[in-house]
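Student: I should like a close look at a single part of this model, with the reasoning set out where it is needed. Please proceed in one connected account.

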Amino acid sequence: MSGALGATGFPEQAVRARARAGTAEVFPPADSYGSRLYGATAREPEDALDELRLVPPVFMPRRLEKLIELGREPSYEDVDLHTTVGGFAAELPLYLSAFGSTRAGSGDLGVAAGRQAARLGIPMVIGENMVPVHGYSRGGDGMRSALLERIAAYTESVADGVGGVVVQQSTEDADSEVWNLLYSDPGTRALRDSGRLGFELKVGQGAKPGLGGMTVVGADEGERLAGQFTVRDLLGERGRLLRCATPGTFTEEIVRQQLRFMRNNFPLARTWVKFHPGRDIARAAATAWAAGADAVTVDGAEGGTGWAPRVFLDQVGLPLGECLRRIGPPAGDLLATGRIWEGGRAVRALALGATAVGLGRAALLAVDEDPREGLVRLARALALETRLLVSAVGKYRVADLDPEDLWSPNAPAPAPPPLEAPAPATPPAGSRTAGTPAAGTTPLRPPPVRPAAAGATSVRGRA
Amino acid sequence: MEIQTPPPLGEHLRSPQLRSAMLVQQEALYAAREFLRGEGFVELLPPLVGPVTDPGGRGAKALDVDYYGEPYKLMTSAILYKQASLRGFPRLFYIAPNVRVEPPETASTGRHLVEFHQIDVEVAGATRHQVQEIAARLLTRVVDHVWTAVPDVLRGLGRDELDFAELRQGKFDSCTHEEAVARLLGRGHPQNPDAEIDWAGEKVLSLEADRPFFIDDYPKGSRGFYDREDPERPGVLRNFDLIAHGGYGELVSGSERESDYAAIVTRMRESGENPAKYAWYLELAREGIEASAGFGMGLQRLVRFLTGLDALWQVSAYPKLPGVIAP
C-alpha cells in the first residue's frame, strides 16, 4: 500500500480493502463462518440513490426464459455483463472516469489505472487540461507527455476488439487543439482505425457544477500557466496558488453544434459529452443524443474531484439519483458517475437507466493501494456483486434492469394487482411484468416504468 | 487508393511535366491578377504568422511557431486579416501561401498538399451571389487566357480544349448542399447530411458534370465560424463551393461573412473555439467589421484542373504531401 492518497467523505478503507482482497470483500470474513450470525446491519444510506432498495420479485419469467435457453437452472454466473458503452465493446458495464490535470490523476496512478482498465476490457476517459498543463510531445525526443503516456499504457494492455480511449477537451485545450493532435497522431492510429478512439465534450462536472477545472499549483507553474488560466493567490500558503479554468459557455445550440462539429471533423472517433448535474439535465441529455452523441455522461453532485471549493462539494448540484430520475428512459447510452465503488450503487444506477457506471475516486484509491492489481480486484468484486444482484431480480442481462427492480421507502407501496387468469406455461419472448404506476411527489423514486415492455430495451439503445 | 509519391526533389524539379505545369501556373497567375485589378481590386501581401489562424477542419492542423515566447500559428488561411482589411481596401485580394498539416489519409486524394496557395478574394458589402459571379468570371478568364497563351503546353499534357468549351462560354450550374446530398445518397454513397461533401462524394459529383457547378447552403457545423448563418433559415450558411467538372473537385470555397460581434462570438463557441485567443479580431469586430463576402480559389487545384495531372504534387515545385516527410 502506498497510501499517498486520501479521499475525504469517501469509503476509502472499504475500497482499499477490495483493492487488496477483491471478491473476498463481497462477503463477511470467511473465518467467521460458523461462529458468527449475520443479518441486516442498519446501514445508513449516503444519499437518495443509496436509499433505494433492490427488490427481487417472487415470480421470475426472465429466469424461466434463461432456464429454457440453458436447459438447466441458471445461476448468478450466467449473467452477461458485456455492454456497449458509448460505442465501445466493454466486458463490464463499467468505465474509468476522467481524471485530468490534477496531481492525483495525471501521474503514475493515472497510468496504472489505465493499464488495469485495459486489462479489464473497459473504456477509459482522460480528463481535460492535460496538454495546456503537461504539454504534448511527439517525435523523436523520447519523452512522452502525461497524456500520451496514459494512452500508450492502455493500448499496450488492451485486448483486441474491446475497450476504448476517450479524451476530453476543455476551452483551454481547444487552444492546444488536443483532439486535432490526437486524431492524426501515429500513436493513436491503431485505436482510431479500430473504432476505439473517442472524444468527450466536457460541459461540466459533478463536484463543482457551473465551475471549470481547478488545481493547486506552485509559484513557477503558476507563472507559466497564467497566460492560459486564472491563477490567484487565495489559498493562504506561500507558493501555493489556485489555478482555475473557465467552465465554458453552453446553450442548447452551442452543445448541438459542437457535437456536430466533432462528428464532422473526427468521423472515426466516438463522440461523448459529459454534463454536470444541472437542473436542466434531461433537456441537455436529450439535446446531446439528438445531435448524435454516442454517450451522455451525467456526473452527479456526489462525484469526486482533485480540488473544489467546500461550498460546492456539499451544497451545489443535483444528486445522481435525481439526475437519472429527471432523464427518465434515456434515448441513447447514458453513463453515470458519482460515488460509485460497489455493485449495489452501480446496479441501482443501471436500473434507473444508466448503460454503464464510471469509477473515479475508487479507481485512483485502488491503484494507490496496489498499482498492479488494485483496480482489477475492485472491479471483479463489483462485477461479482452485479451478477449476484441482477440474477437475484431474475434477470441475466444488465440491459434488462428496470426501475421496477427498485423500491423507495418514500414511495407508497403499489396496490396489489388483481389476480389474473392463470398465465401460460411459457412466457412470450421479451415479456416482462408490469411496473409501478407513476404517482406521488417524493423527490427520488423509481421513475415510471417504460410504457411498452418490448420497447423498453430498444429505447435504451442496448438491446 | 495507392499513394503516388513525388520522386526526390532534384529529379522532380528537372521533370518536363513540372516545367509545363509551372508555365501554366505562371499564366494563370498573370490572368488572375490582370482580371482582379481590372475589377478594381487591390493586391495585398498576406501575413504569414499570427496569434490565431483559421481553425482547422477535417483533422487539418496549424503549425505552431514560437514568436518571442508567444505561441503563434502559421497561416492556414488569412480570412480574418481579409475581413480586418476591408475598411481600407473594400475590394482586395492576396495570392496567399498557406500551411495546413492535413491528416495523412488525405495524401491519396490527389487534392491535398500541406503547403499550398490560394487566390484569396474579399469584397465589402457583397452578397454571395455577387462573389460567385466574380469567382465564375475569374475562372473563365484564367482558363481563356491559359488556352490562348500556352495551348501547346496544355495539349502536350493531353488536355482537350473541348473539355473547357462550356466553361469558356460562362456556363456554370448550381445546386444546394441538400440536393447534392440527396444525389449522392441516391447513388448509394453514404454522405453525412450535416457535413461537408466528403472527398469521395465530391469526386462522384465532379465526374458526372460537364461544366463547373456551385454547391450552396452548407449546414452550420460543417464550416468555420465566419461563414454567415442565413438569418431567414437558421442552421443554413450563406456559403458555397465551386466544384470543377471532370473529377477535379473543389476549386473554390466562399461565403458571406459574419460581421456582427455577438454572432461571431456565439459561432466561435458553437465550433468549440476559445474566443479569448481571437482577442485582436474580436476587438476589431466590436468596433465594427464591414459586411462582406469572399472566397479562396486553390491555386494548385486550379493548375491541376488546367493541366489534367493526377495529383496536386505534380503541379507544385516543392511538394509536401500530407504525412510524407519531404524537403
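Tutor: The account below takes up one helix of chain A and its two packing partners, and then turns to the sheets of chain B.

The model is predicted. The helix to consider is α5 of chain A, which spans residues 108-120. Two packed helices are described by the angle between their axes and the distance between the axes. For α5(A) and helix α7 (residues 146-157) of chain A, the angle is about 25 degrees and the axes lie 8 Å apart. α5(A) is therefore roughly parallel to α7(A), since angles under 35 degrees are counted in that way. The crossing of α5(A) past α7(A) is right-handed.

On the α5(A) side, this contact is formed by Gly110(A), Val111(A), Gly114(A), Arg115(A), Ala117(A), Ala118(A) and Arg119(A). Facing them in α7(A) are Glu149(A), Arg150(A), Ala153(A), Tyr154(A) and Ser157(A). By class, the residues of the contact between α5(A) and α7(A) comprise five nonpolar, three polar and four charged.

The second partner of this account is helix α18 of chain A, residues 374-392. Its axis and that of α5(A) come within 8 Å and cross at roughly 45 degrees, so α5(A) is oblique to α18(A). Here, too, α5(A) makes a right-handed crossing. Ala113(A), Gln116(A), Ala117(A), Arg119(A) and Leu120(A) of α5(A) meet Leu375(A), Val376(A) and Ala379(A) of α18(A). The residues of the contact of α5(A) with α18(A) divide into six nonpolar, one polar and one charged. Ala117(A) and Arg119(A) are listed in the contacts with α7(A) and with α18(A).

Chain B offers a view of strands. An open sheet of eight strands follows the order β1-β5-β6-β11-β10-β9-β8-β7 (chain B), and its pairing is mixed. The edges are held by β1 (42-43) and β7 (173-176) of chain B; each has a single partner strand, so one side of each lacks a neighbour in the sheet. Helix α11 (residues 299-307) of chain B packs on this sheet, where it touches β6 (115-124), β9 (239-244), β10 (249-256) and β11 (292-298) of chain B. The direction of α11(B) makes about 105 degrees with that of β6(B).

At one edge, β7(B) runs parallel to β8 (residues 213-216) of chain B and is joined to it by four bridges. Within this pair, Asp173(B) stands opposite Phe213(B) of β8(B). The loop between β8 and β9 of chain B contains Asp217(B), whose phi is near 65 degrees, a positive value in a residue other than glycine. Asp217(B) is partly exposed because 19 other C-beta atoms lie within 10 Å, and a residue is buried only if 20 or more do.

A further open sheet, of three strands, has the order β2-β4-β3 (chain B) with antiparallel pairing. Its edge strands, β2 (49-50) and β3 (64-67) of chain B, each pair on one side only. Two bridges link β2(B) in the antiparallel sense to β4 (residues 70-74) of chain B, and Gly50(B) stands opposite Lys73(B) of β4(B). The loop between β3 and β4 of chain B holds Tyr68(B), a residue other than glycine with a positive phi, near 50 degrees. Tyr68(B) counts as exposed because it has 5 C-beta neighbours inside 10 Å. Most residues other than glycine have a negative phi.

Terms used
Residues numbered from 1 in each chain as written. Chains lettered and ligands numbered in written order. Predicted model: local features only at pLDDT ≥ 70, side-chain atom pairs only at ≥ 80, totals over all residues. Pairing = 2+ DSSP bridges. Contact = placed C-beta atoms within 7 Å. Axes fitted to C-alpha atoms, helices over the stretch in contact; angles between N-to-C directions. Parallel < 35°, antiparallel > 145°, perpendicular 65-115°, else oblique. Left-handed = near helix turned anticlockwise from the far one by under 90°. Nonpolar A, V, L, I, M, F, W, Y, C, P; charged D, E, K, R; others polar. Buried ≥ 20, exposed ≤ 12 C-beta atoms within 10 Å, placed from the backbone.
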